[in-house]
Amino acid sequence: LEVIFSTSNRVTALPACIKYMFDFLDEQALEHGIMDPDVVHTWKSNALPLRFWVNLIKNPDFIFDIQKPTKIEGSLNVVAQTLMDACSTQD
């Protein structure tokens, strides 16, 4: 995982696997004549932050061998909602 998500020795700030996925989504938009930048932004937001990171933030027990205490569940939901709001194009 460290190699996949490493950004060292690269011109771009994105890891290679993420850049490849985002470039693929850009190519698909061009191929299908989708010119609305909000659509492509939504694809990218749904592909990585919303489907992957938000799920892991809200459910740390998916990765770690821990029980998620109910008293911190609300805090995890706030952090996840903040990430979702940060990926939104709306104010």
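Buried residues, meaning those under 20% relative accessible area (exposed is over 50%, partly exposed in between, with a 1.4 Å probe and protein chains only), make up 18% of the 91 residues in this protein. Keep in mind that this is a predicted model: local features need pLDDT of at least 70, side-chain atom pairs count only at pLDDT 80 or more, and totals for chains, interfaces and linings use all residues. Residues are numbered from 1 along each chain as its sequence is written, and side-chain values use heavy atoms, with hydrogens and water left out.

The fold is easy to list: 3 helices and 0 strands, running α-α-α from the N terminus on. Helices here are DSSP runs of H or I with at least four residues, strands are runs of E with at least two, and both are numbered from the N terminus. As for contacts, meaning heavy atoms within 4.5 Å, take those in the protein with a separation of 6 or more: residues 24 or more positions apart account for 30% of them.

Now for the packing. Two packed helices are described by the angle between their axes and the distance between the axes. The axes are lines fitted to C-alpha atoms, for helices over the stretch in contact, and the angles run from 0 to 180 degrees between N-to-C directions.

Start with H2 (residues 37–58) and H3 (residues 70–86), whose axes come within 8 Å and cross at roughly 165°. That makes H2 roughly antiparallel to H3; the cut-offs are under 35 degrees for roughly parallel, over 145 for roughly antiparallel, 65 to 115 for roughly perpendicular, and oblique for the rest. The crossing of H2 past H3 is right-handed, which is the label when the near helix is turned clockwise from the far one by less than a right angle, with anticlockwise giving left-handed. On the H2 side, the residues that meet H3 are Pro-49, Leu-50, Trp-53, Val-54, Ile-57 and Lys-58. Their partners in H3 are Leu-76, Asn-77, Val-79, Ala-80, Leu-83 and Met-84. By class, this contact of H2 with H3 has 10 nonpolar, 1 polar and 1 charged residues. Nonpolar covers Ala, Val, Leu, Ile, Met, Phe, Trp, Tyr, Cys and Pro, charged covers Asp, Glu, Lys and Arg, and the others, Gly among them, are polar.

On to H1 (residues 16–31), whose axis comes within 10 Å of the axis of H2, the two crossing at roughly 145°. H1 also passes H2 in a right-handed crossing. From H1, Ile-18, Met-21, Phe-22, Leu-25, Asp-26, Gln-28 and Ala-29 meet Val-40, Trp-43, Lys-44, Ala-47 and Leu-48 in H2. The class count for H1 with H2 is 9 nonpolar, 1 polar and 2 charged residues.

Ala-47 is a handy place to look at this contact from the H2 side. At 31% relative accessibility, Ala-47 counts as partly exposed. Leaving aside neighbours within four places in sequence, Ala-47 is in contact with Met-21 and Leu-25. Its C-alpha is 9.0 Å from that of Phe-22, 25 residues apart in sequence.

What about the segment after H3? Cys-87 lies there, and it is buried, with a relative accessible area of 14%. Not counting neighbours within four places in sequence, Cys-87 touches His-41, Ser-45 and Pro-49. Cys-87 and Pro-49 are 38 residues apart in sequence but 7.6 Å apart in space, C-alpha to C-alpha. Thr-42, in helix H2, is 45 residues from Cys-87 along the chain, with 8.5 Å between their C-alpha atoms. Thr-42 is partly exposed, with a relative accessible area of 38%.

Ser-45 is another residue of H2, and it is buried at 7% relative accessible area. Besides Cys-87, Ser-45 touches Leu-50 and Arg-51, again not counting residues up to four places away in sequence.

Last, the aromatics. A pair of aromatic rings is described by the distance of the centres and the angle of the planes. Rings of Phe, Tyr and Trp (its six-membered ring) pair if their centres lie within 6.5 Å, with planes under 30 degrees apart counted as stacked, over 60 as edge-to-face and the rest as tilted. A search of the whole structure finds 1 aromatic pair. The ring centres of Phe-52 and Trp-53 are 4.7 Å apart and the planes are at 80°, so the pair is edge-to-face. Phe-52 is partly exposed at 33% relative accessibility, and Trp-53 is partly exposed too, at 40%.
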